[in-house]
Amino acid sequence: MSESLTFSQLDLPDAILRAVTELGYETPSPIQAAAIPKLLAGEDLLGQAQTGTGKTAAFALPLLARLDPAQNEPQILVLAPTRELAIQVAEAFQAYARFMPAFHVLPLYGGQSYTNQLKSLKRGSQVIVGTPGRILDHLDRGTLQLDKLRAIVLDEADEMLRMGFIDDVQTIMDATPAGRQVAMFSATMPSQIRAIAQKHLKNAQEIKIESKTSTVERITQRYVMLDSNQKLDALTRVLEGEEYDASIIFVRTKSATEEISEKLGARGYAVACLNGDMNQANREQTIRRLKAGQIDIIVATDVAARGLDVERISLVINYDIPYDSEAYVHRIGRTGRAGRLGKAILFVSPRERRLLRTIEHATRQPIEKMSLPTGEVIEQRRIESFREQLANTIEAKNLSFFQDLINDWREKLETTDADLAAALLFLAQKDQPLNVAKQFPEIREPHARGDRPDRPERGDRPRFERGDRPERGDRPERGPRPRREMQGNYNTYRIEVGKEHGVRAGDIVGAIANEANIDSQFIGNIKLFDHFSTVELPADIPTEIFQHLKKVYVRKQKLNISVDTGGHGGGDRAERPAGDRRPSSAPAGAGPRPGAAPKRRTRE
Ligand code: AMP
């Protein structure tokens with residue numbers, strides 16, 4: 001964490017500062033503290049940062065500050081590997097520029113209708129955020145002009161490389177004016193990314209947030225994988241299912257401290273918030289109440305909880321992932337005080353998985369995956385806790401007045417002790433019902449792609465997704481087409497673009513991934529022939545997506561995708577596809593049977 005720096009010390013224009021304050025941001029994240037001054041000074045930048053570190057604001061805020069609002073032509077272009085990221089980055093720009101008059105940002109990604117995109121382009125936007133394929137299309141068609149461009153950002157550059165977009169990225173870079181500023185962000189720095197940086201960045205400042213190794217003892221650490229919209233539900237379950245004395249919940253913004261403490265308060269928890277807006281007296285009073293047991297839960301930002309030392313805290317919940325391992329260690333150090341044992345739970349969205357691994361690495365301790373308490377567990381806990389209260393009451397209280405009443409009622413109501421007890425229990429549990437197993441449906445672990453906090457509804461076509469896929473952060477980073485074992489039913493499809501059109505496997509992956517919104521994990525072997533190619537895709541692609549893929553162009557060829565019959569007639573019959581390692585006696589292009597899972601992917 002940046003110890004003392006505030007946003008107002010960063011020389012950002014008032015309109016942007018106001019937006020940041022209204023969003024509830026208290027202090028710049030480490031990557032922001034490092035990147036903002038450099039980008040504000042007009043320097044090129046190479047940043048190693050993962051999702052969850054605040055990298056979007058790290059480039060969006062300073063570039064917006066350098067924008068000329070009077071000019072309604074593209075001045076900033078952000079290239080992002082997926083439509084989800086493009087939408088999210090565009091939303092972030094919109095949020096940060098909300099007090100900048102006449103500001104327009106436009107996301108441009110594959111799968112969206114050209115008609116709408118052209119209309120929006122004609123209206124004019126200062127910021128364009130797009131996937132490389134679609135941006136290149138618009139450049140080719142002459143519908144996007146970049147001559148007024150002041151800055152270009154390559155976001156998740158390693159992902160763009162992995163998805164086969166890097167040639168497109170190079171072409172786009174070459175089409176931008178010579179004097180523009182370049183900012184490149186990448187979670188990893190493979191050699192190809194460094195090469196691009198060397199070619200296109202001038203005296204680039206390189207920033208990387210070092211994760212200091214520090215160990216934490218006596219604290220059990222676990223994480224839950226979930227989507228942002230599942231967090232509140234997950235939080236209430238954790239608070240019900242876990243044993244703790246007092247708990248501190250960490251969030252990123254002041255507004256979140258207030259919102260969550262209000263919601264927990266409404267559910268009957270003794271809770272208060274702790275944020276940078278509170279004066280010292282209020283802050284101290286809250287801490288005193290926590291120590292005295294008048295409240296059990298505190299919802300805090302990092303800065304507000306700095307140095308907090310309360311022995312009662314036995315559970316730390318990282319509701320929002322911390323920006324780096326240092327912040328994480330600081331947070332979980334709020335428990336396990338005075339030699340006691342503590343527990344820490346971290347909420348992670350699939351996109352933040354890489355940051356989770358970084359934290360694990362830096363703390364040299366595994367953070368174990370946990371599943372959320374089920375309805376049955378919560379029901380059991382409520383029953384046990386009630387029984388405990390009953391036992392204590394029977395032991396400690398003088399109940400003679402109530403015993404007399406019971407004797408009286410048993411006679412008057414002509415009923416049994418068991419019926420009376422059951423009816424009383426029914427009335428007593430009304431505020432916190434005991435019979436709740438079914439009221440807590442299972443919270444399913446989300447897929448890796450597309451988890452963004454403020455994501456709007458999906459675009460115009462349904463998305464294709466499958467369960468049990470490997471997560472983004474675990475993907476091998478060897479090259480654009482890593483070999484991997486595929487699971488599930490796959491078919492081989494034929495697409496009408498081949499080697500003679502200059503196509504490469506990466507182009508096909510990129511086009512299919514973005515146009516059909518099929519995650520590249522589900523794109524199997526690709527074989528390139530002279531006039532066409534084959535590609536293995538899940539057998540259960542929805543017809544709608546399949547129809548759309550027919551119309552997609554790659555290297556100026558319409559894919560016209562069809563199920564591969566294996567015959568490969570005409571001139572291609574005797575061809576051996578690039579990368580096919582079968583013995584020459586094997587029938588060329590036979591491919592796996594429909595329905596069989598392909599075992600390996602061809603690498604370029
Ligand atoms: P990113 O790493 O850019 O995907 O950002 C992750 C999340 O952190 C987003 O929801 C941002 O709104 C939030 N965020 C970024 N910077 C800050 C900050 N300085 N204070 C609080 N929240 C932030």
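**Close-up views of a predicted model**

**Figure 1. Gly566 and its surroundings beyond the last residues of strand E20.** Gly566 lies in the segment after strand E20 (562-563). The model shown here and in the other views is predicted. Gly566 counts as partly exposed, because its relative accessibility is 22%. The cut-off for buried is under 20%. Thr492 is 74 residues away from Gly566 in sequence, yet the two C-alpha atoms are 8.4 Å apart in space.

**Figure 2. The whole chain, for orientation.** The chain holds 19 helices and 20 strands. It has 604 residues, and 53% of them are buried. Contacts with a separation of 6 or more were also sorted by distance in sequence: 77% of them join residues 24 or more positions apart. The chain has an accessible surface of about 27,300 Å². Carbon and sulfur atoms supply 48% of that surface.

**Figure 3. The ligand between two domains.** Domain 1 (7-208) and domain 2 (216-372) both contribute residues to the shell around the ligand, so the ligand lies between them. The ligand has 18 residues around it. Those that come nearest are Tyr25, Gln32, Gly54, Thr56 and Arg252. By type, the shell divides into 10 polar, five nonpolar and three charged residues.

**Figure 4. Polar contacts of the ligand at Gly54, Lys55 and Thr56.** A polar backbone atom of Gly54 is 2.7 Å from an oxygen atom of the ligand. At Lys55, a backbone N or O atom lies 3.2 Å from a ligand oxygen. Thr56 uses its side chain: an N or O atom there is 2.6 Å from an oxygen atom of the ligand. Taken alone, the ligand exposes 500 Å², and the protein buries 88% of that.

**Figure 5. Gln50 in the loop between E1 and H3.** Gln50 sits in the loop that runs between strand E1 (45-48) and helix H3 (55-65). Its relative accessibility is 13%, so Gln50 counts as buried. Neighbours within four places in sequence aside, Gln50 is in contact with Lys55, Ala187, Arg354, Leu355 and Thr358. Among these partners, Lys55 also has a backbone N or O atom 3.2 Å from an oxygen atom of the ligand. Arg354 and Leu355 are among the buried residues of helix H14.

**Figure 6. Helix H14 and its cover.** Helix H14 (residues 353-363) is mostly covered, with eight of its 11 residues buried. These are Arg353, Arg354, Leu355, Leu356, Ile359, Glu360, Ala362 and Thr363. Residues three or four places apart in an α-helix point the same way, because there are 3.6 residues a turn. The cover over the buried residues of H14 includes two helices, H7 (157-162) and H13 (325-332), and two strands, E8 (219-225) and E13 (342-348). Just after H14, Arg364 takes a positive phi of about 55°.

**Figure 7. Gln181 in strand E6.** Gln181 lies in strand E6 (residues 181-186). Gln181 counts as buried, because its relative accessibility is 4%. Ala151 is 30 residues away in sequence, but its C-alpha is 4.4 Å from that of Gln181. Residues up to four places away in sequence not counted, Gln181 touches Lys38, Leu39, Gly42, Glu43, Asp44, Leu63, Arg66, Arg150, Ala151 and Ile152. One of these, Leu39, places its backbone oxygen 2.9 Å from a polar atom of the Gln181 side chain.

Key: Residues are numbered from 1 along each chain as its sequence is written. This is a predicted model: local features need pLDDT of at least 70, side-chain atom pairs count only at pLDDT 80 or more; totals for chains, interfaces and linings use all residues. Side-chain values use heavy atoms; hydrogens and water are left out. A residue is near a molecule or strand if one of its heavy atoms lies within 4 Å of it. A polar contact is a pair of N or O atoms within 3.5 Å; within protein, one must be able to donate a hydrogen and the other to accept it, and residues adjacent in sequence count only if both atoms are side-chain atoms. Accessible areas come from the Shrake-Rupley method with a 1.4 Å probe; for residues, only the protein chains shown count as cover. Ala, Val, Leu, Ile, Met, Phe, Trp, Tyr, Cys and Pro count as nonpolar, Asp, Glu, Lys and Arg as charged, and the others, Gly among them, as polar. Domain bounds come from an automatic or database domain assignment. Helices (H or I, at least four residues) and strands (E, at least two) are DSSP runs, numbered from the N terminus. Buried means under 20% relative accessible area, exposed over 50%, partly exposed in between (1.4 Å probe, protein chains only). Contact means heavy atoms within 4.5 Å.
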